[in-house]
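Visitor: I am new to this structure and would like a close look at one part of it. Please start with a simple stretch, then take me to the ligand.

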Amino acid sequence: MSESWFGLLLEVELGAPGHGGFCVARHDGRVMFVRHGLPGERVLAKVTEDRGGSFCRADAVEILSASPDRVDARCPISGPGGSGCCDYSHASADAGRRLKSFVVSEQLRRVAGIEREVQVEELPGSGDGTGWRTRVRLAVDSGGRPGYHRYRSSSIVTELTCPQMDSTAFEGLADQQWRPGAELQVVLDGEGERHVVEIAPAQLSPTGRRSPGRRGAAARRAASSRSRPEKAVIGSGRVTEHVSNRAWTLDATGFWQAHRGAPQVYTDVVGDWADATAGDGAWDLYGGVGVFAAALADRVGPSGRVTSVEFSRRAAEDGRSALQDLPQVSFVPGRVERSFETLTEPAAVAVLDPPRAGAGRDVIEALAVRSPRSVVHIGCDPASFARDVSLYRAVGYELIDMRAFDAFPSTSHVECIGRFVRR
Ligand SMILES: C[S@@+](CC[C@H](N)C(=O)[O-])C[C@H]1O[C@@H](n2cnc3c(N)ncnc32)[C@H](O)[C@@H]1O
C-alpha cells in the first residue's frame with residue numbers, strides 16, 4: 001500500500017464532475033475526488049481522506065485559476081470543513097445544472113449502457129438557487145444548539161444560515177435550548193405557515209451508545225425512521241400543501257417534496273406519461289399521501305382503480321382523507337416489496353417513486369411479473385436511477401422518455417423521471 005496522502009496539499013487541475021458533488025483530478029497516477037472546485041480550475045487541494053485505495057478525497061482550499069462559472073458561495077458554511085448540503089454553492093445556477101446534466105448522462109451511459117444527452121431543467125420557484133426549499137431537518141448538538149451535520153462527520157455546524165430556505169424559517173431557533181441529540185423539522189407550508197417539530201433523540205442502546213454507534217448518513221436515516229416522539233413547538237405540526245387545486249394535510253415530519261415547485265411539475269409529467277385510459281387499473285408505489293394517485297385517478301376515471309402503496313400508515317391515512325372524493329383510489333399501507341401478491345387488480349401503468357436507494361432488483365422483477373404495459377419511475381439519485389433503468393431493461397422494459405429536474409439547486413442532487421414501455 002502506498003504512503004497515505006492524508007493532509008497533503010497538492011496542486012491539481014480539476015476535470016469532469018463526478019456523482020456526489022466533486023470533480024475528478026489526477027496526481028501522480030492516482031485519482032482524487034476534489035470538492036469545492038469546478039471543472040477546468042487549477043486548485044490547491046488538501047487531502048481529507050486517503051484509505052490507500054485507487055482514489056483519495058480532497059477539498060479545494062485555494063483556487064489558483066477560477067472558472068467563469070464560479071460565483072461567491074451562496075451558503076456561508078458550504079466551504080471546506082463546513083456542512084455538506086450546498087456542494088454547488090460556488091457555481092452559478094446554470095453551471096450547476098450543466099454539471100448535473102453531465103453526471104446524469106454519464107451515470108446512464110456507464111451504469112445502464114444508454115447514450116442520452118440529458119438536460120437538467122429548472123423548476124419554477126428556483127430563483128437564483130436560494131429560497132426554494134419548503135422543509136429541512138436540523139440536528140441538535142450536545143450543547144442544545146441546532147445546526148447542520150458537517151460533511152462526512154457527526155459534528156454539527158450551528159450557524160443557521162441556510163440560503164436554500166427563506167430565513168424566516170429559522171427565526172428564534174438559535175436562541176432556544178433544545179434537547180441534545182434531538183432533531184428539528186422546520187417547514188414553511190403551502191399556506192405560508194411555519195411549523196417546527198422537535199423529534200426526540202434516538203433511544204440509547206443498553207450499552208449506552210446511540211444505535212447504530214457511528215452516526216453516518218445511512219445510520220442517521222435509519223435512526224430517524226424509527227418511531228420517536230414528536231412535539232410541535234411552533235405551528236400545529238400539521239401542514240397543508242396544494243397540487244392541481246387539491247389540498248393535502250399531513251404531518252410536518254411526513255414526506256413532501258422539498259422544492260416548492262416540484263410536486264406540481266412531477267404530477268404534470270406523471271399525468272402526461274401515464275399510459276392509462278378510462279376503466280384501467282394503476283398503481284402508485286411508494287405513494288406517500290397520494291399526490292400521483294390523484295393524477296392517475298384523473299386518467300382512469302371513476303370506472304378505473306388506483307392503488308397507492310406506502311409504508312407509513314399515517315401518510316396513507318392522510319392520503320385517504322385528501323382523496324376521499326375519489327372512490328376509485330385506495331391506499332394500502334405496507335412495503336412495496338411485499339405488496340405484489342396482495343395487489344389483486346392488474347395495472348396498465350405503475351408509478352414508482354422510491355427513496356434515494358431506488359426500487360432495486362426484487363421490486364422491479366416482481367413488478368415485471370405483473371406486467372403493467374408502462375411504468376413511470378421517479379428517482380432522486382442518478383446512480384440508483386441508472387441502476388434501476390438497467391434492471392427495467394433486463395426484465396423487458398425500454399426507456400422511451402426521460403426528464404431530469406434541478407429539484408435541489410445549489411446542491412449536486414437531481415431528480416430523474418423515466419417513462420418505460422413493455423417490449
Ligand atoms: C420519495 S417519497 C415519494 C412520495 C410521493 N410519491 C410524493 O411524491 O409525495 C417515497 C415514499 O415511499 C415511502 N417508502 C419508503 N420505502 C418504502 C417501502 N419499502 N415500501 C413502501 N413505501 C416506502 C416513504 O415513506 C415515502 O413516503
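Visitor: Over residues 3-62, how much of the chain is helix, how much is strand, and how far apart are the end C-alpha atoms?

Guide: Bear in mind that this is a predicted model. Over residues 3-62, the chain is 0% helix and 58% strand. The C-alpha atoms at the two ends are 24 Å apart. The UniProt record, an unreviewed entry, annotates residues 3-62 as "domain: TRAM".

One residue there has a backbone worth a glance. D28 is not a glycine, yet its phi is positive, about 55 degrees. D28 sits in the loop that links strand 3 (22-27) to strand 4 (30-35). D28 counts as exposed because it has 9 C-beta neighbours inside 10 Å.

R152 makes a good partner for D28. R152 is not a glycine, and its phi is positive too, at about 50 degrees. R152 lies in the loop between strand 9 (146-149) and strand 10 (156-157). With 12 other C-beta atoms within 10 Å, R152 is exposed.

Now to the ligand. It is surrounded by 18 residues. The closest are F255, Y286, G288, F311 and D353. Two elements each give two or more residues to this shell: helix 4 (291-300) and strand 17 (305-310). By class, the shell holds ten nonpolar, four polar and four charged residues.

UniProt, again in an unreviewed entry, places a "binding site" feature at Q257, Y286, E310 and D353. Two of these deserve a closer look. Start with Y286. Y286 lies in the loop between strand 16 (281-285) and helix 4. Y286 counts as buried because it has 20 C-beta neighbours inside 10 Å, and the cut-off for buried is 20 or more. Setting aside residues up to four places away in sequence, Y286 touches E310, V336, L352, D353 and P354. E310 and D353, then, are among the contacts of Y286, and both also carry the UniProt annotation.

Next, E310. E310 belongs to strand 17. E310 is buried, since 28 other C-beta atoms lie within 10 Å. Leaving out residues up to four places away in sequence, E310 touches Y286, G287, G288, A315, A316, F331 and P333. G288, one of these contacts, is also among the residues closest to the ligand.

Helix 4 comes after the loop that holds Y286. Helix 4 is mostly covered, with nine of its ten residues buried. These are V291, F292, A293, A294, A295, L296, A297, R299 and V300. Just past the helix, G301 has a positive phi of about 70 degrees.

Helix 4 also feeds the largest nonpolar core. In soluble globular proteins, nonpolar side chains tend to be buried together. Here the largest core has 108 residues. Helix 4 supplies the largest share of it, eight residues. The members that touch the most other members are V34, A274, A282, L296, V349, A350 and V351.

Take A274 as an example. Apart from its neighbours within four places in sequence, A274 is in contact with A282, A295, L296, R299, V349, V351 and V376. A295, L296 and R299 appear in that list, and they are buried residues of helix 4.

So where does the tour end? Helix 4 gives residues to the shell around the ligand, and it also gives eight residues to the core.

Terms used
Residues are numbered from 1 along each chain as its sequence is written. This is a predicted model: local features need pLDDT of at least 70, side-chain atom pairs count only at pLDDT 80 or more; totals for chains, interfaces and linings use all residues. UniProt positions are given in the numbering used here, feature names are shortened, and annotations may be inferred rather than shown by experiment. Helices (H or I, at least four residues) and strands (E, at least two) are DSSP runs, numbered from the N terminus. A residue is near a molecule or strand if its C-beta atom, placed from the backbone, lies within 6 Å of it. Ala, Val, Leu, Ile, Met, Phe, Trp, Tyr, Cys and Pro count as nonpolar, Asp, Glu, Lys and Arg as charged, and the others, Gly among them, as polar. A nonpolar core is a set of buried Ala, Val, Leu, Ile, Met, Phe, Trp, Tyr and Cys residues joined through C-beta atoms within 7 Å. Two residues are in contact if their C-beta atoms, placed from the backbone, lie within 7 Å.
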